[in-house]
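Subject: Structure handover

Hello,

Here is the structure for your files. My notes on it come after the coordinates.

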Amino acid sequence: MKSCFIGRLLLRSGLPILALLATLNTSRSVLASGFALTEQSVPNLGNAGASGTVGAEDASVLFFNPAGLTRLPGNSVVGAGYLVFPTVRFQNQGSTSVLGTPLLGGEGGDAGANKFLPNLYTSWSLSDRLKLGLGIAPPFGLATDYDEDWVGRYQALRSELITLNFSPTIAAKVTDQVSIGASVNVQYASAELSNAIDFGLIGRSAQLNTVPQQLDGRVRISGDDLSVGYTIGAMYEPSAQTRVGLAYRSAVTHDLEGDADFEVPTAAQALTTRGQFTDTEAAAEVKLPDSLSLGVYHELSPKWAVMSDVTWTNWSRYEGLRIEFENPAQPASLQPAEWKDTVRVGVGVNYKPNEDLTLRAGVAYDPSPVPEDQVTARIPDADRTWVAAGVSYQATDSVRVDLSYAHLFFGDREINQTIPGAGTLRGGVDSDVDVISAQVNWSF
């Protein structure tokens with residue numbers, strides 16, 4: 001179902017249990033660990049995420065630390081876009097069906113789905129010490145799409161998550177050195193997951209004349225929800241060259257509501273007579289994590305500045321998903337997840353050869369919250385290392401243009417996942433991601 005719509009649909013009848021749906025959370029096509037998106041500021045991307053909490057160069061700072069708005073003079077509008085090019089490839093290493101025979105099919109092709117991610121931020125100065133802002137951005141997301149006939153089709157086909165966050169913000173300069181800020185995060189989430197169903201296997205168990213892996217159907221679950229969270233932050237500037245930022249982004253819980261739609265081949269229609277494999281409404285609760293970030297920025301000289309960021313994410317709050325179905329023939333199902341908290345660390349550097357030009361670079365290490373024994377076709381998440389660079393050019397007194405590029409290197413991950421009725425998927429996953437971004441900041 002949604003954002004982190006994680007679920008396994010268990011249908012029982014006198015037939016062997018069939019787990020229709022595997023976990024939907026994230027894939028390596030998602031840019032930050034888990035299923036978070038940190039691509040909210042092009043200058044910050046050029047620093048590999050190291051300047052988000054303390055950069056405060058434009059209104060996009062409100063996503064990371066709303067207190068940073070107090071550093072912006074006048075009013076401004078920031079528009080940005082990110083082209084994301086992920087590669088996700090599976091290598092089969094002896095995947096087997098429920099019967100112990102090899103799972104038939106290919107290796108899924110490149111499951112990484114190219115995406116365009118936009119965001120928009122605005123800021124208004126009510127006075128030198130009081131600022132307002134508004135941000136519109138996607139804080140979580142994923143998109144993977146395997147070939148229809150791949151060996152893991154009974155565990156995952158398409159997985160897509162779309163979120164959109166609306167963040168009205170206020171910030172105040174309490175003293176010459178201390179600023180505080182807060183945002184309300186109104187978050188919409190919409191998602192879809194699908195996988196194939198081996199009606200050949202189920203039909204044979206029900207004494208139908210069907211052949212396992214030769215009569216596939218399909219299930220698709222989709223839904224949406226609107227929920228609310230908040231972000232609070234503070235910034236301390238002990239000198240004109242140094243600032244420290246601290247920000248907390250609250251957890252958000254989504255009560256997902258949507259539909260489960262089944263495609264049942266004609267030869268297997270008899271299996272629906274007891275009410276199973278029929279379209280129905282579905283609902284679930286998903287707990288998304290909170291996070292805490294600490295950043296430091298220091299100007300070594302008028303030309304050079306260094307920065308760093310440490311972000312803790314409470315992924316252990318995410319415990320899985322219980323799915324409840326309107327159709328009483330489909331009992332509720334729980335797919336547990338025992339994820340671990342993570343700490344992301346990034347460092348960056350800026351160089352200003354002149355007043356109009358800024359060159360950026362950064363590296364970051366972003367560990368995965370997914371334990372080795374929970375890696376799935378839908379969640380081949382892995383530790384990743386960021387390498388990024390960017391440039392900012394002050395085209396006029398009121399317009400600045402930012403460009404950034406980042407490459408994400410992923411660690412190797414092995415899948416060894418068994419789902420009742422779907423067999424065992426065994427293999428490795430190789431992934432990487434390229435991100436190209438552009439932003440325009442207009443001050444007035």
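The notes below run from the overall fold to the nonpolar cores.

Please keep in mind that this is a predicted model. The chain has 3 helices and 22 strands. Its C-alpha trace spans about 80 × 40 × 35 Å along the principal axes. The radius of gyration is 24 Å, which agrees with the value near 22 Å for a compact globule, because the chain has 444 residues. Of contacts between residues at least 6 apart in sequence, 72% join residues at least 24 apart.

On surface and charge: buried residues account for 58% of the 444 residues. The accessible surface comes to about 17000 Å², and carbon and sulfur atoms hold 58% of that area. The chain carries 31 positive and 48 negative charges, and the mean positions of these two sets lie 2 Å apart.

On the interior: the largest nonpolar core has 32 residues, and those touching the most other members are Phe90, Tyr146, Trp150, Trp339 and Leu425. Two or more residues of this core come from each of β3 (76-92), β8 (178-198), β12 (280-288), β21 (413-419) and β22 (423-443). A second, separate core contains 17 residues, among them Ala80, Leu117, Trp386 and Val433.

Which residues does Phe90 touch, leaving aside those up to four places away in sequence? The contacts are Ser95, Glu107, Trp150, Val151, Ile415, Leu425, Arg426, Gly427, Gly428 and Val429. Of these, Trp150 and Leu425 are also named above among the core residues that touch the most other members.

Regards

Key: Residues numbered from 1 in each chain as written. Predicted model: local features only at pLDDT ≥ 70, side-chain atom pairs only at ≥ 80, totals over all residues. Heavy atoms only, no water. Helix = DSSP H or I, 4+ residues; strand = E, 2+ residues; numbered from the N terminus. Rg over C-alpha atoms; globule rule 2.2 N^0.38 Å. Buried < 20%, exposed > 50% of the residue type's maximum accessible area, 1.4 Å probe, protein only. Contact = heavy atoms within 4.5 Å. Areas by Shrake-Rupley, 256 points an atom, 1.4 Å probe, with all protein chains shown as cover. Lys, Arg positive; Asp, Glu negative; His and termini not counted. Charge placed at Lys NZ, Arg CZ, Asp CG, Glu CD. Core = buried A, V, L, I, M, F, W, Y, C linked by side-chain atoms within 4.5 Å.
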